[in-house]
Amino acid sequence: MRRRANLSRVLVQLAFFILVTLLLINVFTGIILDTFSSLREELSGRKEKEKYECFVCGVDRTTLDDFGIDKEDHETHEHNKWDYLLYLDHVRSRASDVAPLTGVAAYVAACDAAGDHDWLPLDTSFRLEQLAKGDEKRTNVSHDLRPVYDTLLATQAAVARLRDDVAADVRTALAAPRQKPIRVPPPAGHL
Ligand SMILES: [Zn+2]
């Protein structure tokens with residue numbers, strides 16, 4: 001009788017142990033898998049957003065295409081995220097200086113301190129605004145002259161890109177360490 005009672009107690013304990021352990025393992029596995037899948041979804045959502053929207057202004061590729069702007073060119077020359085990040089770092093480092101910030105830097109520092117993103121060009125850019133104004137002007141140009149007007153705008157954009165490229169080259173050249181001039185020895189007999 002006592003032996004039977006012991007056996008049943010062992011069986012109950014074993015069943016309890018297996019059930020509780022399995023249940024807990026399943027619960028923890030479910031939580032881990034759920035967390036990983038939500039993280040993966042968030043990451044893929046961010047990648048999709050990064051692929052189709054400008055990181056700084058959030059304007060999508062379709063809108064940029066409508067205005068004839070290449071998204072990669074826009075993100076490299078007009079809204080370069082690293083330029084914005086460096087500027088924010090500059091403003092933050094200047095904010096701890098003794099001299100007070102002025103003008104745009106003061107505005108950006110105030111927005112940054114308040115956690116405000118108003119200083120960023122959200123849903124717009126200088127070039128988009130210029131082109132939107134240009135569209136209004138284009139409707140006022142006579143129909144025959146529109147190809148000339150479009151060529152003029154394209155030339156203006158090409159000149160602006162060229163100017164940016166030259167400015168970037170000059171900045172790179174100025175930032176590069178200067179080399180010592182090479183002294184050419186005078187030819188023999190001309191001492
Ligand atoms: Zn942008």
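This is a short walk through a predicted model, one selection at a time.

**Stop 1: helix α1**

Start by selecting residues 2–52, which make up helix α1. This helix has 51 residues and reaches 75 Å from its first C-alpha to its last, close to the 75 Å expected at 1.5 Å a residue. Colour it by burial and you'll find little to colour: the count of buried residues among those 51 is zero, and α1 is hardly covered.

For a sample residue, click on T35, which lies in α1. Is T35 buried or exposed? It is exposed, with 10 other C-beta atoms within 10 Å. Now draw a distance from T35 to A160: C-alpha to C-alpha they are 48 Å apart in space, and 125 residues apart in sequence.

**Stop 2: the nonpolar core**

Next, select C54, C57, V59, L64, I69 and L128. Together these six residues form the largest nonpolar core. As background, nonpolar side chains tend to be buried together in soluble globular proteins.

Zoom in on L64, which sits in helix α2, residues 61–66. L64 counts as buried because it has 23 C-beta neighbours inside 10 Å, and 20 or more is the cut-off. Which residues does L64 touch, leaving aside neighbours within four places in sequence? They are V59, I69, K71 and H74. If you add a distance to H74, expect 8.5 Å between its C-alpha and that of L64, with the two 10 residues apart along the chain.

Then hop to L128, another member of the core set. Not counting residues up to four places away in sequence, L128 touches V59 and F67.

**Stop 3: where α4 meets α5**

Show residues 81–95 (α4) and 103–113 (α5) as cartoons. Two packed helices are described by the angle between their axes and the distance between the axes. Here the axes come within 10 Å and cross at roughly 90 degrees, which makes α4 roughly perpendicular to α5.

Turn on side chains to see who meets whom. From α4, pick L88, V91, R92, R94 and A95; from α5, pick A105, V108, A109 and D112. By class, this contact has six nonpolar, no polar and three charged residues.

**Stop 4: D123, between α5 and α6**

Carry on to D123, in the loop between α5 and α6. What is the phi of D123 near? It is near 60 degrees, a positive value in a residue other than glycine. For context, most residues other than glycine have a negative phi. D123 counts as exposed, with 12 C-beta neighbours inside 10 Å.

**Stop 5: R138 in α6**

Select R138, which you'll find in helix α6, residues 126–140. It is partly exposed, with 14 other C-beta atoms within 10 Å. Leaving aside neighbours within four places in sequence, R138 is in contact with R146 and Y149. The C-alpha atoms of R138 and Y149 are separated by 7.5 Å, with their positions 11 residues apart along the chain.

**Stop 6: helix α7**

Finish with residues 146–175, helix α7. Its 30 residues reach 43 Å from first C-alpha to last, close to the 44 Å expected at 1.5 Å a residue. How many of the 30 residues of α7 are buried? The number is zero, so α7 lies largely in the open.

How values were computed:
Residues are numbered from 1 along each chain as its sequence is written. This is a predicted model: local features need pLDDT of at least 70, side-chain atom pairs count only at pLDDT 80 or more; totals for chains, interfaces and linings use all residues. Axes are lines fitted to C-alpha atoms, for helices over the stretch in contact, and angles run from 0 to 180 degrees between N-to-C directions. Helices (H or I, at least four residues) and strands (E, at least two) are DSSP runs, numbered from the N terminus. Angles under 35 degrees count as roughly parallel, over 145 as roughly antiparallel, 65 to 115 as roughly perpendicular and the rest as oblique. Two residues are in contact if their C-beta atoms, placed from the backbone, lie within 7 Å. Ala, Val, Leu, Ile, Met, Phe, Trp, Tyr, Cys and Pro count as nonpolar, Asp, Glu, Lys and Arg as charged, and the others, Gly among them, as polar. The expected span of a helix is 1.5 Å times one less than its number of residues. A nonpolar core is a set of buried Ala, Val, Leu, Ile, Met, Phe, Trp, Tyr and Cys residues joined through C-beta atoms within 7 Å.
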